[in-house]
Amino acid sequence: MPTSTDLLQGTLDLLILQTLSLEPMHGWGVAQRIQQISKDALQIGQGSLYPALYRLEYKGWIKSEWGNSENNRRAKFYRLTAAGRKQLQSELETWDRLSAAIGLVLGRATEVSR
Amino acid sequence: MITEFLTRLRFLFSRNRRDERDDEFQFHLEHSIAAKVAAGLRPAEARRLALIEFGGVEAARAQCEQQRPGWWIGSTTQDLRYAIRMIRAHGWFSAAVIATLALGIGLNTMVFTLINAALFKPVPVPGGARLVAITSRAPGNGDDRLSYPDLIDYRAQARSFQALEGASDQEGILGEPGIPPEPYHLERTTTGVFSMLHIHPVLGRDFRASDAEPGAAPVLMIGYTVWQNRYAGSPSVIGRQIHINEKPATIIGVMPKGFMFPTTVDLWMPIVPTPRDLKRDNRQLQIFGLLQPGVNISSAQAELTAIAHRLVAQYPDTDKNTTALVMSFHERYNGGNIRMIFLLMLASVGFVLLIACANVANMMLSRAVARQREMSIRAALGASRWRVIRQLLIECVLLSVLGGTFGLALAAFGVHWFDLQTSTVGRPYWVQFTMDYSVFGYFAALCIVTGLLFGIAPAWRSSRPDLNEVLQEGARSIGHHRGGKLAAVLVIFQFALTLVLLTGAGVFVHSLIKTLDSNQSIPARELMVGRLQLPQDRYKDIAARQRFYDQLLPRLRALPGVTSAALTSNPPGLGSAESPVEIEYQPVPDRTHRPVVAYITASPGYFSTIRLPLLLGRDFQPTDGNASHRTAILTRGMADRFWPGQSALGKRFRLYDDQGKPGDWISVVGITANLLQDLTEQDPKPLFFVPIQQQDWSGISLVVESALNPTAAVRAAVQAVDQDLPLRSVFLLNEAVEHQTWYLHLFSKIFMGFAFIALLMAAVGIYAVLAQATSRRTQEIGVRIALGASLRNIMLLVMRRGLWQIGAGLAVGLAAAAPAARLMASLPIGVSPTDPGVFIAVAVLLAMVGLVACWLPARRAAALDPVKAIRYE
C-alpha cells in the first residue's frame, strides 16, 4: 500500500485541491475523503497532510476559517480560493499531459478522462 | 499573482497562532480515535494507535511552521539571540576565541595587503597591468640595461607593444641663483614616456618629440614635491631658467602629486642622443613598454627574443651578448630578496593562522564536548540535526565576524605601521601599502571559512551522539574519550608550529644582535656622516679632488663643537669595494680563483675619528698613495688571514681589476683592530684601508664627530669651498647603519610579533583545553582527594596529559625548525646561520610557557574542596 511519501512530488497538493474543489472541508475530512475515493489505496499521513495544507494556504490557493463540524465541534475548514481553482485547472492539465505521456512510454494507452 | 504576493506578505507578518494549530491537531486526533472506536477497538487502544499514527506532534508543528514564507527569519533571529547569549555567558572563552581570531585574521589580512601591494597590484596608471620592464638580464645579476640603438630597433620591429620608452637615472643637482643647490633623483627619458602612461603635467606642457632633437633647448620636468618644497608651488616656475648638473635648462612642467615614475624620481629630462649614446655597446637605458591589449608577457618575450637574435647576427661585434627579458614591474623592482622576505612573511603568518585555527577549533571542540548534553536534549525535544548544527554554526560565524572586525582594525594599523617603516628605503612610488577591496574580500572569505572550519567539526560531532547514551550516563564519560585525541593532536600541532615560528624570529633577532654588536667601539651616535659626489667636469683628477679635500678638512675641524673630522669612501658598516688579491711570495694554485678582499679609503685621522685602535705601525700620511708609494693599513683579521704568526708590516700585496690585470704592489704600513663593513654579509671578506688619493673614486663620505648637531655648519663649510656642491645622505652613523639594515630591524620586529602572538595563542590553547578537561573531571578529582590523593598526585594527574603534549609538540617542532632555519640562512636575505643556542633558547621558552599554562588548571584542581567537588554537576 503506497503511503503519501510514495506519491509523486506535488501530487498531494493536486489531490488536496481536487478534494477541496467539491466542498470546504477540515483536515481530517480531506484525509478521509482521499482514502475513501482511492478505496484505501492512498492513506495520507498527518505528517504530510498538515504541512501541505499550510503550504497551500500560504500560497493563497486555499483559505481556512473556523466553523462547526458535523458533530458540532469547532474545526478549521479549508476552502478553495479563485486562485486555487485556477491552479487546480492548470495542474490537472499538466497531470493529464504527463500521465498520457508516461502511458505512451510504458506502452499502456490509458483512457484519458476529461 | 498580486493576490498571491499579498497573501505571502500577510503571512510574513502574522503567524498562525500556535494554539490554533494545536486545536486542529487535537480535532484530527479525536476523529481518528472515534473512527477506531467505531471500528470496534477499545477506547484506550484506539487512542494509543491514533497517537502512534499521528507521529511526533512537535515535528508536525515544526513542519507546518516551516511552510510559512520567511519562517527561517524567525528561527534565525532566535538562533542569533541564543548565540549572543552564549557568547556573553562564556565571556572569557569568547574573548579568547575572538582575540585568537582577530590576531590570526588581522595578521593575515595585513600580510596579504602588503604582499598584494608589493608583488601583484598593477602600477596605478591606465593599462598599468600591461606595463612591463625590459632588461638584458634577470634583476640582481649586475648590469641589466640596454643601449639606445637597441631601443630604436625594438621599437621599429616589435609588434607586441603600444609604446616602448627608455630611461636612465642619475643624480641631478638643481641649481639657480638665490637657492642652495640640491641633489635630486633625475631620470633622462625618451619623450613619449608620459603619454605612454597617460599621465600629463598638472602645470606646463608635456615633452615633445622636438625636445629630443639635436640642438633643442634643454628642458626639465619637475615633480610635485620639488615644486612644492623648492618653489613653494608657485605657478611662475614654468619657464624658469635653472642649472641642472651645472648646465642650463628651462622648467617646462610639473607632474601630478605622487608621480615618481619609474621609482622615486623627482626630475625628468628628455634624452637628446649624443654620439656616445648612439654607440651600440653603451648600455645605459632601462626600457619600459606598454603591451598591446591582449598580448601577454610570454608572447612579447618570444618576439623580442627573435629580434635580439637578429641583432646578434647583424652586429656581432657589439651585440654578441644581447638578450631582452620582458618582466612585470613587480618582478623587475620587487623580485629577489624582497619577494623572498614577503613570501617568508606569508609563510609565517600562515603558521599563525593555522595556530589560531587549531586553537579555536580546540576550544570549540572542548566546549562542544561539554555541551553535548545540551545538544542531546535539544535533539530529544525534536530539534532537527540541521537545526542543532545551524545553531552552532551561527555562534561560530558570529565569533568569526567579531574576531574579523577586530582583525580588520589590527590589519589597518599594521599596514599603516609597515608603510611608515618602509617609507625611506627606496620603495617605488607605485607600491602603496593601503588597504583595498581585494583585501577586504580576502578578509571576509578568510573570516567565514575560518568560522566554518572550526564550527562544523564540533557541530557535526555534537549533533550525532547516541541520544540514550548521553542522556543516561551524562556528558562526563563520553567527552573524555571522544574529544581527547583530536584535542591532543591539535595542541601538539600548535606547539610544533609555534616552535618553528619562534625559531624564525630567533634567527632574525640573532642576526640583528650580531650586526648591532659589531663595531661596538665606534661612537655611532656622535658621528655625523654625509656624502659628496665631486663632478667629473670640475674635478678631473685625483689631484683636483685632493685640493678640495685639503681645503674642506681644516674648515670642518674648525667648526664649533666638532672634535674630529675625516674622510672615507665608506663609513663604518656601510659597505666596501672588493677585489681579488695576490699576496707577494704566496702563489695560489688557481689563478682564476684568487682570494677576495674588501677595502675602503681613509684620510689621515680617520681611525682616531671613528675610535678604531691602531695596533701596529702608523696612520696614513699625506705622502702615502702616490704611484711610487702605494700603502695600506690592514685590519687584524686580514693580517692574521694572510700572514698568520708573523708581522704583516712591510709585506706587499696587489689587487686585480675586473679585466684580471694586476695593480701596483701595495705595502702594509699599519694594523688596526677589526672593523665590520658589510653587516649583512654572512662571511665578510678580510678588510683593509688605503689612502684616499690612492683610488680614483669621485665620491667621498665625511665623518664628523661633534657634540652638537653639526649638519648646518658642515653644509655651510662645504658651500664655502664649492657653492655648487650639495651634501647628501646626512645621518648620524647609527641611523645610517640602521638604514642599511632596515629589513633586519623591521623583520625582527615582525617575526618577533608573530612569534609572540603564536606563543600566546599556544599557551591559551593548552590552558583552555586542560581547564575544560579538568572541570569535567571535577567529581573524579573530588573523590580522589577524599580518598586521600596527595596534592602532588592531583597535580600530576591533571598535568600529565598537558606535559606529554608539550613534549611531543617540542619534538615535532624541533624536527621542523632545524630545516626551516637552514632554509632561511640559505636565502640571500642577510640572516646568518643559527647556532644551536637559538633552538635551545626557544624550546626552553616554549616549554616554560607551556608549563605555566598547564600548572594553572592543575593548581586549581589541587585546591578543590572535595565535598563541593563531589556534588559538582
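**Exercise 1. Work out how much of chain B counts as buried, and describe the chain around that figure.**

Solution.
- Step 1: Take the 873 residues of chain B in this predicted model; 51% of them count as buried.
- Step 2: Turn to the outside. The accessible surface of chain B comes to about 40000 Å², and 60% of that belongs to carbon and sulfur atoms.
- Step 3: Tally the secondary structure, which gives 27 helices and 22 strands in chain B.
- Step 4: Look at the contacts in chain B with a separation of 6 or more. Residues 24 or more positions apart account for 81% of them.

**Exercise 2. Describe the interface: how many residues of chain B are in contact with chain A, and how much area do the two chains bury?**

Solution.
- Step 1: Count residues on each side. You get 24 residues of chain B in contact with 24 residues of chain A.
- Step 2: Put a number on the area. The size of an interface is often given as the accessible area lost when the parts come together. Here chain B and chain A bury about 2300 Å² between them, with 57% of it on carbon and sulfur atoms.
- Step 3: Ask who loses the most on the chain B side. That's Glu24(B), Phe27(B) and His28(B), together 28% of what that side buries.
- Step 4: Check the polar side of things. Between the two chains there are 4 residue pairs in polar contact, both residues at pLDDT 80 or more.
- Step 5: Map the touching side of chain B onto its helices. H1 (2–13), H2 (18–38), H3 (43–54) and H4 (57–67) each supply at least two residues, and H2(B) gives the largest share, 12 residues.
- Step 6: Sort that side by residue type: 7 nonpolar, 8 polar and 9 charged.

**Exercise 3. Find the salt bridge between chain B and chain A, and say whether its two residues are buried or exposed.**

Solution.
- Step 1: Recall the idea. Side chains of opposite charge can pair when their charged atoms come close.
- Step 2: Count such pairs between the chains: there's 1 salt bridge.
- Step 3: Name the partners. Glu24(B) pairs with Lys76(A), the closest N and O atoms being 3.7 Å apart. With a cut-off of 4 Å, the pair qualifies.
- Step 4: Place them. Lys76(A) sits in strand E3 (residues 74–80) of chain A, while Glu24(B) is in helix H2 of chain B.
- Step 5: Read off the accessibility: both Lys76(A) and Glu24(B) are buried.

**Exercise 4. Which residues do Arg611(B) and Asp664(B) pair with in salt bridges, and where do the partners lie?**

Solution.
- Step 1: Start with the total, 23 salt bridges over all chains.
- Step 2: Arg611(B) meets Glu705(B) at 2.6 Å, N to O. Arg611(B) is in the loop between helix H19 (606–609) and strand E16 (614–617), and Glu705(B) is in strand E21 (residues 699–706), 94 residues apart.
- Step 3: Compare with the 20% cut-off for buried. Glu705(B) has a relative accessible area of 6%, so it's buried; Arg611(B), at 41%, is partly exposed.
- Step 4: Asp664(B) bridges to Arg630(B), with the closest N and O atoms 3.1 Å apart. Asp664(B) lies in the loop between strands E18 (652–655) and E19 (666–672), and Arg630(B) in the loop between E16 and strand E17 (631–635), so the pair ties together parts 34 residues apart in sequence.
- Step 5: Asp664(B) is partly exposed at 41%, whereas Arg630(B), at 19%, counts as buried.

How values were computed:
Residues numbered from 1 in each chain as written. Chains lettered and ligands numbered in written order. Predicted model: local features only at pLDDT ≥ 70, side-chain atom pairs only at ≥ 80, totals over all residues. Heavy atoms only, no water. Contact = heavy atoms within 4.5 Å. Buried area = accessible area lost by both parts, 1.4 Å probe. Salt bridge = Lys/Arg side-chain N within 4 Å of Asp/Glu carboxyl O. Polar contact = N/O pair within 3.5 Å; in protein donor to acceptor, adjacent residues only side chain to side chain. Helix = DSSP H or I, 4+ residues; strand = E, 2+ residues; numbered from the N terminus. Nonpolar A, V, L, I, M, F, W, Y, C, P; charged D, E, K, R; others polar. Buried < 20%, exposed > 50% of the residue type's maximum accessible area, 1.4 Å probe, protein only. Areas by Shrake-Rupley, 256 points an atom, 1.4 Å probe, with all protein chains shown as cover.
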